[in-house]
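Hi,

Here is the structure I promised to send over. Have a look first, and my notes on what turned up follow below.

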Amino acid sequence: MKRFSLITIAALMFGSLAGPSFNAQEATLEIDLDARKASVVNLEAHINSRRDRMQETADDIIVLDQRVEGGVSELVELLTRVADSPDSKTSIANTKGEMIEGLKRMIDFYRTKRAGVREQVRTGKTDVPLETLENDMTAFDKRIETRVEQIVDLSASFTQHEDFEKYVKTGEVNTWGGWGSWGGWGVNEEVNDEWRQNRRDVSKTGQNNDEVSAALAKSIDDLDQRQKFLEEKLRTGNISETEKQLYQSDIKRIDYIVMARTEQLNKLQVVEIPETEKVGRREAYDLGKLLEDAKDDLRSDFFMIFQKYEELNKLRAQVAQLSENLEARKTWLIDYEAGGGQ
């Protein structure tokens, strides 16, 4: 049986008014077939155009990501090499604390985005290929782990307790004729600035390390609970194959992260004197301004990454839909020609 378009059927029904019905049928069918072939070519061109745009967007993300990673790494490395002096008081420690808070916010943002991608994988409610989304989750995981490592490195660079003499001699003085019953030569002493500074440093170090250590310990506990939940879900068996594979992957990931968090926690609990250079008030001020300006630049690039990422996902879905449409059109033509035009 021939596959007629609506135009062809109309021509057959009203052939006596428009001319010989046979000629109208052949002409209309030929035009319809040519149009279908042309639509395949046009759709392929459309898909190629979208793929080019998709690649350009992905390249933009790569450039932005590299810029953010390079900028953050440079700041972290710079801050881990310096420490406060009696002249700078707690300026460097405060700057390190601000950097750590910024890294925490980046982690929270990565986790939120990752959770959204994971839900798409779990439910399958997406036109983006699952393999692509799984690769995205892996990329988010790497960035999260990098940020955690940087937080630990910064925390470990805070000044530790050192044994400084509390008092230092400032010179001898003549005490003859003083109020005491004994006269003679005495020694003037003042509180050692290094001792006083170390007390300031240790206070900041303890506060920061307590907070970071508590966060790492809580992370381990949360991950353990999550793993138990996933293992229970796998035992029930009332899940899809996609969910099963996702949960198994999650459990392996949790095993890895728990090991990493444990090592990071141990690193902070082992007291080591960091190799840092004490800086003065002016240099500490300059570093603070550097961080302030850098944060503005990094924040702009960071959020632009996710704007581009949303655009990329829309393009991915569009290409997937168009590609499915293209395959359907090609299949129709193959079936039609295999049937001898029947």
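**Notes on the model**

The protein chain has an accessible surface of about 20900 Å², and carbon and sulfur atoms account for 51% of that. Keep in mind that this is a predicted model. Of the chain's 342 residues, 35% count as buried.

On the fold: there are eight helices and four strands, and they run along the sequence as α-α-α-β-α-α-β-β-α-α-β-α. Taking contacts between residues at least 6 apart in sequence, 79% join residues at least 24 apart.

What I kept coming back to is the aromatics. The structure holds eleven aromatic pairs. One of them is Phe109 with Phe303, edge-to-face, with 5.2 Å between the centres and 90 degrees between the planes. This pair links distant parts of the chain, since Phe109 is in helix α4 (residues 91–123) and Phe303 in helix α8, 194 residues apart. Both rings still see some solvent probe: Phe109 is partly exposed at 26% relative accessible area, and Phe303 is partly exposed at 38%.

Phe140 and Tyr309 make another edge-to-face pair, at 5.7 Å centre to centre and 75 degrees between the planes. Phe140 belongs to helix α5 (residues 130–156) and Tyr309 to helix α8, so this pair ties together parts 169 residues apart in sequence. Here the partners are buried: Phe140 has 7% relative accessibility, and Tyr309 has a relative accessible area of 8%.

Zoom out a little and these four rings turn out to belong to one aromatic cluster, made up of Phe109, Tyr110, Phe140, Phe302, Phe303, Phe306 and Tyr309.

Helix α8 spans residues 281–338, and Lys308 lies in it too. Is Lys308 buried or exposed? It counts as buried, because its relative accessibility is 17% and the cut-off for buried is under 20%. Leaving aside residues up to four places away in sequence, Lys308 touches Thr57, Asp60, Ile61 and Leu64.

Two other spots to click on, both with a charge and a ring:

- Arg36 has its charged end over the ring of Trp332, 3.8 Å from the ring's centre.
- Lys96 lies over the face of Phe158, 5.5 Å from the ring centre.

If you only have a few minutes, I'd start with the aromatic cluster that includes Phe303 and Tyr309, then go to Lys308 in helix α8.

Cheers

Technical notes: Residues numbered from 1 in each chain as written. Predicted model: local features only at pLDDT ≥ 70, side-chain atom pairs only at ≥ 80, totals over all residues. Heavy atoms only, no water. Helix = DSSP H or I, 4+ residues; strand = E, 2+ residues; numbered from the N terminus. Buried < 20%, exposed > 50% of the residue type's maximum accessible area, 1.4 Å probe, protein only. Contact = heavy atoms within 4.5 Å. Phe/Tyr/Trp six-rings, centres within 6.5 Å; stacked < 30°, edge-to-face > 60°. Lys NZ or Arg CZ within 6 Å of the ring centre and 35° of its normal. Areas by Shrake-Rupley, 256 points an atom, 1.4 Å probe, with all protein chains shown as cover.
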